[in-house]
Amino acid sequence: MTTPASRSHDRFATTRWSMVMQTASTLSADANSALTELAQRYSYPVYAYVRRCGHAPAVAQDITRTFLGCLMRQFHEGPGRPPQTHFRRFLLEQLNLFLGSDWREVVDNDASSQLAVPADLEARNLRDNGNSSTPEQAYQHSFALEVITRALRRLQLEARQTGHIEMYDALQPFMAQDPLSGELQALAQTLKCQPLTLAMAVKRLRQRFRELAAQELADTVASSDDLSAEQAALHVALKNMQAP
């Protein structure tokens, strides 16, 4: 008989982070691939942290690329003790260890790293982290925003694949805030549908977004308890950046 506990275990048995934790000591190709993908996904919070430490954009780009490349090589070259925490904390711990080492020499000798990082990191950082007072705040905020960005990207793709991209584009501004009085009525006239239809569509979009964001976070943890904790941490990071 399948119980809720067993279903939860099955769900987290194959997340990317659970594969890293379960097989880190055996040089599993699956674990190496999972960690590489997670590192590439979350290069933005690494970059934001390094920039808030005071490094210029070009230097921060090199540090980010080199750090992630070194992390992958270190993991691939020899078995080690499996991580005992979730990915968000692990990545920050490893980044601090790297920055506490002779990283300048490593960066200077690592011109051929195979791990690419996005080209828009500086633009995103300027837009998102102007109010960050510490490197850790910039890291936590950027990690949360990366989860949200990935979930919204998937939601948009689903709308496109199901032929609802026009509706999605029209309702996307209401994902984070309620429409003002009369906005849905005016939009309903444009889209030739009922305001109630749009109100229900907004509700479904918000629900699906929460599901997709949870899926993104689930890939960085190995249990339902850790997922709940990460969801709470995400909300705290976003709330702290909104405070005056």
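Two residues are in contact here when their heavy atoms lie within 4.5 Å of each other. With that in hand, Arg124 makes a handy way into this predicted model. Once neighbours within four places in sequence are set aside, Arg124 is in contact with Tyr44, Leu145, Glu146 and Thr149. The residue itself sits in helix 8, which covers residues 121-128. Despite its charged class, Arg124 counts as buried, because its relative accessibility is 9% and the cut-off for buried is under 20%.

Stepping back to the whole chain, the protein has 13 helices and zero strands. Read along the sequence, the pattern is α-α-α-α-α-α-α-α-α-α-α-α-α. Of its 244 residues, 42% count as buried. About 13,500 Å² of the protein is exposed, and carbon and sulfur atoms supply 52% of that area. As for how the chain meets itself, take the contacts between residues at least 6 apart in sequence: 73% of them join residues at least 24 apart.

Helix 9 turns up again and again in what follows. Its first partner here is helix 4: the axes of helix 4 (residues 43-52) and helix 9 (residues 135-161) come within 8 Å and cross at roughly 160°. Angles over 145 degrees count as roughly antiparallel, and helix 4 and helix 9 are therefore roughly antiparallel to each other. Their crossing is right-handed. On the helix 4 side, the contact is made by Tyr44, Pro45, Val46, Ala48, Tyr49 and Arg52, while helix 9 brings Pro135, Glu136, Ala138, Tyr139, Ser142, Phe143 and Glu146. Sorted by class, that comes to nine nonpolar, one polar and three charged residues. Two of the names are already familiar: Tyr44 and Glu146 take part in this helix contact, and both are also among the contacts of Arg124.

Just past helix 4, Gly54 is found in the loop leading to helix 5 (57-77). Gly54 is exposed, with a relative accessible area of 63%. Its C-alpha atom is separated by 9.0 Å from that of Pro135, although the two residues are 81 apart along the chain. Pro135 also belongs to the helix 9 side of the contact with helix 4.

The other partner of helix 9 to look at is helix 13. The axes of helix 9 and helix 13 come within 9 Å and cross at roughly 115°. Roughly perpendicular covers 65 to 115 degrees, and helix 9 and helix 13 are therefore roughly perpendicular to each other. This crossing is left-handed. Helix 9 contributes Gln140, His141, Ala144, Leu145, Val147 and Ile148 to the contact, and helix 13 contributes Leu234, Ala237, Leu238 and Met241. By class, the contact has eight nonpolar, two polar and no charged residues. Leu145, named here on the helix 9 side, is another of the residues in contact with Arg124.

Helix 12 supplies two sequence neighbours worth setting side by side. Gln215 lies in helix 12, and so does Glu216. Gln215 is partly exposed, with a relative accessible area of 32%, whereas Glu216 is buried, with a relative accessible area of 3%. Leaving aside neighbours within four places in sequence, Gln215 is in contact with Arg154 and Arg208. On the same basis, Glu216 is in contact with Arg41, Tyr42, Val147, Arg150, Ala151 and Arg154. Arg154 thus appears in both lists. Val147 is a contact of Glu216, and the C-alpha atoms of Gln215 and Val147 are separated by 9.4 Å, with their positions 68 residues apart along the chain.

Helix 12 is flanked by loops that hold two further residues of interest. Before helix 12, Lys192 is found in the loop that follows helix 11 (183-191). Most residues other than glycine have a negative phi. Lys192 has a positive phi of about 60° although it is not a glycine. At 74% relative accessibility, Lys192 counts as exposed. After helix 12 (195-218), the loop running to helix 13 (224-242) holds Val221. Val221 is buried, with a relative accessible area of 0%. Val221 and Phe87 are 134 residues apart in sequence, yet their C-alpha atoms are 6.5 Å apart in space.

Technical notes: Residues numbered from 1 in each chain as written. Predicted model: local features only at pLDDT ≥ 70, side-chain atom pairs only at ≥ 80, totals over all residues. Heavy atoms only, no water. Axes fitted to C-alpha atoms, helices over the stretch in contact; angles between N-to-C directions. Helix = DSSP H or I, 4+ residues; strand = E, 2+ residues; numbered from the N terminus. Parallel < 35°, antiparallel > 145°, perpendicular 65-115°, else oblique. Left-handed = near helix turned anticlockwise from the far one by under 90°. Buried < 20%, exposed > 50% of the residue type's maximum accessible area, 1.4 Å probe, protein only. Areas by Shrake-Rupley, 256 points an atom, 1.4 Å probe, with all protein chains shown as cover.
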